[in-house]
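Student: I have the sequence and the model open. Can we work through them with short questions?

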Amino acid sequence: MTTTHTRGTNGAVQVRGPEHPRFEQILTPEALDFVRQLDGAFAGRRAELLQARRARQHQISAGREELGFLPETRGIREHKSWRVAEPAPGLTDRRTEMTGPASRKLTINALNSGARVWMADLEDATAPTWFNVIDGQINLYDAIRGQIDFTDENGKEYAVGQETPTIVLRPRGWHLCEKHLSVDGRPLPASLVDFGLYLFHNAQELIDRGAGPYFYLPKLESHLEARLWNDVFVLAQDLLGIPQGTIRATVLIETVTAAFEMEEILYELRDHSSGLNAGRWDYIFSYIRTFAQRGPEFVLPERAQVTMTTPFMRAYTELLVKTCHKRGAHAIGGMAAFVPDRTDEAATAAALEKIRADKEREAGDGFDGSWVAHPALVPTCTEVFDQVLGERPDQRDRQRHDVEITVDDLLTGVPDPTVTEAGVRTNITVSLRYLAAWTSGTGAVAIDNLMEDAATVEISRAQLWQWIRNRTPLEDLRVVTRQLVGDLIEEEAGRLAAELGPDASEPLARAREVLEYVALGEYLPGFFTNYAYVRYLIDKPMTGPLDKEDLRMSERVPGAGQSEDAA
């Protein structure tokens with residue numbers, strides 16, 4: 001059903017999507033008008049910055065631009081006195097942060113997890129169906145007011161205890177649109193929809209309860225994109241009449257280009273900054289995507305072999321800690337994605353020891369806290385950071401003067417990467433299993449005892465594309481070709497269909513179609529989510545080929561010999 005709300009003089013906000021109970025509580029005319037004002041002020045700059053992304057990616061892919069620290073911002077990096085704002089209420093101690101989607105049951109589980117912070121994820125762990133987008137806002141609205149409960153289909157009741165973590169929202173990235181909300185036929189930026197609806201309804205309530213509206217900002221590729229967010233914050237606070245600096249944001253450093261601009265990103269957000277986070281899985285994807293056709297020296301081995309001790313990964317995380325503490329900001333570590341298995345105590349114990357070692361490395365490097373994806377991991381992470389922090393809230397006073405990171409440190413890949421047919425099959429299988437769930441409306445999926453989100457597919461399909469592009473040799477001396485990967489996709493899809501039964505037939509068909517588009521084509525799309533969203537998740541999904549608008553939404557890395565216009 002379609003409803004239309006008209007407010008202001010610059011066009012109507014049109015809502016296209018099925019109605020559900022309580023949706024109108026979020027989609028009020030006043031809230032939609034607030035989002036419209038943000039869109040009217042910043043949609044143009046957003047479009048320009050996305051075009052700049054595409055142009056820069058084309059230059060890097062073609063070998064006409066080399067990454068490095070920006071000479072034009074040297075003054076920011078060399079200026080010794082500036083610092084970000086002191087931690088906001090509720091964000092002083094962040095030793096363990098729980099992450100996950102904002103469905104009702106998972107919201108309650110996160111609030112009861114014992115973590116200091118919960119990152120409510122409307123981005124990579126949420127498949128952006130219209131229901132999920134607005135239902136997440138409803139659940140956060142209730143959670144903030146202490147009025148959330150849930151009874152499942154078996155009659156089990158879920159309720160929230162007395163002590164709950166500070167809520168931090170992760171909206172969708174700048175590159176995504178929300179096609180169920182539009183002005184004059186133009187979809188609104190998904191980031192402004194998620195941010196605007198949450199802020200409008202909850203900012204004052206959060207302030208009254210002794211906290212504030214806090215955010216995680218994903219997928220930034222430059223300090224200019226951070227500047228845009230800062231300007232959004234300034235206008236939003238003015239429109240709502242709340243003090244400047246009330247909004248706080250932690251930026252996920254999950255792109256290679258952003259790794260060279262960490263200090264500048266903190267500077268742009270300094271009055272609203274709450275630090276940086278090492279978004280490890282998306283960072284691996286960004287490395288593959290950025291250098292997908294730059295030659296064999298940038299080819300990475302199978303995903304399991306790229307760890308946080310891999311040299312370029314270790315370099316970026318050590319630089320992150322040094323940069324944050326230099327400027328008085330929190331440095332938050334990466335995700336522990338393991339899901340405990342009650343039926344396999346030995347495997348669970350072994351995995352928990354690996355997680356403990358990972359968190360000990362982070363705490364030892366100077367991180368102020370870290371992420372986990374399951375409540376059962378909260379005690380392990382907390383215990384590790386307790387041993388280092390004691391009663392202190394953080395270790396921002398630990399300056400990493402011993403760390404000196406060069407351009408080569410951040411860019412050097414893995415010599416002699418190992419790729420096997422089993423590794424190719426794993427990338428295919430995990431992508432098919434995840435995409436079958438994602439196109440059915442689920443964005444956080446337990447696969448082989450790991451809580452996977454969209455980054456799983458991004459890494460896997462980008463590796464497949466890069467291995468094909470570079471004719472990467474397998475251990476048995478065959479090379480990876482489009483034909484080989486296509487044949488293996490057919491085999492794995494057939495195997496999964498037989499294993500999962502007839503109910504999985506349609507989801508697997510959707511998954512295969514998406515995977516073949518984003519892994520086997522001439523171009524490497526910037527994100528699978530752009531394509532899969534317009535293909536399967538909007539209220540009126542497309543049934544034919546992508547049109548020009550949707551091709552622009554699906555940012556592409558050009559193939560060899562293509563012109564700039566083709567990019």
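Student: Which residue in β8 does V15 stand opposite?

Tutor: This is a predicted model. Strand β2 covers residues 13-16 and runs antiparallel to β8, with three bridges joining the two. Across that pairing, the β8 residue opposite V15 is L181.

Student: Which residue of β9 stands opposite S182?

Tutor: Strand β9 spans residues 186-189. Four bridges join β9 to β8, and the two run antiparallel. S182 faces its partner in β9, P187.

Student: Which residue in the hairpin of β8 and β9 takes a positive phi?

Tutor: Two residues lie between these strands. One takes a phi near 50°, and that residue is D184.

Student: Why is β8 described as largely enclosed by the rest of the structure?

Tutor: Buried here means under 20% relative accessible area. Strand β8 runs over residues 177-183. It is largely enclosed because the buried residues number seven of the seven.

Student: How many residues of helix α10 are buried?

Tutor: Helix α10 covers residues 280-290. Its buried residues include R280, Y283, F285 and R289. The helix is largely enclosed by the rest of the structure, because the buried count is ten of the eleven.

Student: Where does pLDDT stay under 50, with 27 contacts beyond four places in sequence?

Tutor: The protein averages a pLDDT of 92, and 93% of the residues score at least 70. Where pLDDT is low, the predicted coordinates should not be read in detail. That caution fits the stretch you ask about, residues 1-9.

Student: How many contacts beyond near neighbours in sequence does the stretch 541-567 have?

Tutor: Here too the pLDDT is below 50. The model still gives this stretch contacts beyond near neighbours in sequence, and their number is 67.

Conventions
Residues numbered from 1 in each chain as written. Predicted model: local features only at pLDDT ≥ 70, side-chain atom pairs only at ≥ 80, totals over all residues. Heavy atoms only, no water. Buried < 20%, exposed > 50% of the residue type's maximum accessible area, 1.4 Å probe, protein only. Pairing = 2+ DSSP bridges. pLDDT = per-residue confidence, 0-100. Contact = heavy atoms within 4.5 Å.
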